[in-house]
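Biologist: Thanks for sitting down with me over this one. Shall we walk through it together, one question at a time?

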Amino acid sequence: MASKTFLNLAPKKKQRITTALLTEFSHYPLVKAQVARIIKNADIARGAFYKYFDDLTDAYDYIYRCALADIRPHLSSNSSATELLDATRDFLTATSASPYFEFIKLHLTVNEKTIVFTDHKRQLAPKRWALINLCHQTICEAMLDPKHTADYLARLEAVSLTLFPTQKG
């Protein structure tokens with residue numbers, strides 16, 4: 001987790017570092033990411049990087065959390081199936097792509113296999129767990145095969161109506 005020192009930085013400096021992290025992790029898998037490139041792009045000292053983050057994985061976790069907050073700002077553990085579907089659809093079909101699109105694509109296609117985050121989904125009701133995993137899988141498939149995004153979203157909506165028939169998909 002990012003240190004309190006980092007979280008309390010002046011907004012411009014914090015944004016400069018966040019942008020450098022996003023750039024690095026959008027272009028390089030975590031195993032090939034380099035602190036050297038990050039500190040150069042952020043214009044900070046190597047010691048400052050380690051004052052703000054324990055290591056590259058910690059910095060990656062910070063950017064991952066920023067991406068999730070940006071992609072699904074209005075979602076909570078109580079969000080409806082419709083809201084989950086809408087957030088998935090919005091992320092995949094927005095006319096101005098999310099600044100986190102390439103990061104998420106690299107995360108889903110490469111990094112996710114090597115990083116273990118605390119699984120908060122263990123506590124979800126079975127149907128909700130299934131829908132969240134289906135949304136995740138839909139995003140993965142659409143990013144790997146963007147020509148068929150509409151098909152993947154239609155399939156997700158059909159399954160959502162089966163799981164949650166009282167909610168409009």
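**Contacts, cores and crossings**

Biologist: Let's start with phenylalanine 53: which residues does it touch, beyond those up to four places away in sequence?
Modeller: Happy to, and please keep in mind that this is a predicted model. On the list for phenylalanine 53 are Asp58, Ala59 and Tyr62. The others it touches are Ala2, Phe6, Ile17 and Leu21.

Biologist: Which residues touch the most other members of the largest nonpolar core?
Modeller: That core has 41 residues. Helices 2 to 9 each supply at least two of its residues. The residues that touch the most other members are Ile17, Leu21, Phe25, Phe49, Phe53, Phe103 and Ile104.

Biologist: And which helix gives the largest share of this core?
Modeller: Among the helices with at least two residues in the core are helix 2 (11-27) and helix 8 (126-144). The largest share is 9 residues, and it comes from helix 5.

Biologist: How many residues are in the second, separate core?
Modeller: Its members include Leu85, Leu131, Cys135 and Leu156. Counted in full, this second core has 10 residues.

Biologist: How are helix 5 and helix 7 oriented to each other?
Modeller: Helix 5 covers residues 56-71 and helix 7 residues 101-109, and their axes lie 11 Å apart. The packing angle is about 120 degrees. An angle of 65 to 115 degrees would count as roughly perpendicular and one over 145 as roughly antiparallel. Helix 5 and helix 7 are therefore oblique.

Biologist: What is the handedness of that crossing, and which residues of helix 7 make the contact?
Modeller: Helix 5 passes helix 7 in a left-handed crossing. From helix 5, the contact uses Tyr60, Ile63, Tyr64, Ala67 and Ile71. By class, the contact has 7 nonpolar, 1 polar and no charged residues. The helix 7 side is made by Phe103, Ile104 and His107.

Biologist: Are helix 6 and helix 9 roughly parallel or roughly antiparallel?
Modeller: Their axes are 11 Å apart, and they pack at an angle of about 175 degrees. Angles over 145 degrees count as roughly antiparallel. So the arrangement of helix 6 and helix 9 is roughly antiparallel.

Biologist: How many charged residues does the contact of helix 6 with helix 9 have?
Modeller: Helix 6 brings Ala81, Leu85, Thr88, Arg89, Leu92 and Thr93. Helix 9 brings Thr149, Leu153, Leu156, Glu157 and Ser160. By class, there are 5 nonpolar and 4 polar residues, and the number of charged ones is 2.

Biologist: Is threonine 149 buried or exposed?
Modeller: Threonine 149 lies in helix 9. Leaving aside neighbours within four places in sequence, it is in contact with Leu92, Thr93 and Ala142. Its relative accessibility is 11%, and the cut-off for burial is under 20%, so threonine 149 counts as buried.

Biologist: Is aspartate 43 buried or exposed?
Modeller: Aspartate 43 is found in the loop between helix 3 and helix 4. Although it is not a glycine, it has a positive phi of about 55 degrees. Its relative accessible area is 61%, and the threshold is over 50%, so aspartate 43 is exposed.

Biologist: Finally, what percentage of the chain is buried?
Modeller: The chain has 9 helices and 0 strands. Of its contacts with a separation of 6 or more, 68% join residues 24 or more positions apart. Among the 169 residues in the chain, the buried share is 41%.

Definitions and conventions: Residues numbered from 1 in each chain as written. Predicted model: local features only at pLDDT ≥ 70, side-chain atom pairs only at ≥ 80, totals over all residues. Heavy atoms only, no water. Axes fitted to C-alpha atoms, helices over the stretch in contact; angles between N-to-C directions. Helix = DSSP H or I, 4+ residues; strand = E, 2+ residues; numbered from the N terminus. Parallel < 35°, antiparallel > 145°, perpendicular 65-115°, else oblique. Left-handed = near helix turned anticlockwise from the far one by under 90°. Contact = heavy atoms within 4.5 Å. Nonpolar A, V, L, I, M, F, W, Y, C, P; charged D, E, K, R; others polar. Core = buried A, V, L, I, M, F, W, Y, C linked by side-chain atoms within 4.5 Å. Buried < 20%, exposed > 50% of the residue type's maximum accessible area, 1.4 Å probe, protein only.
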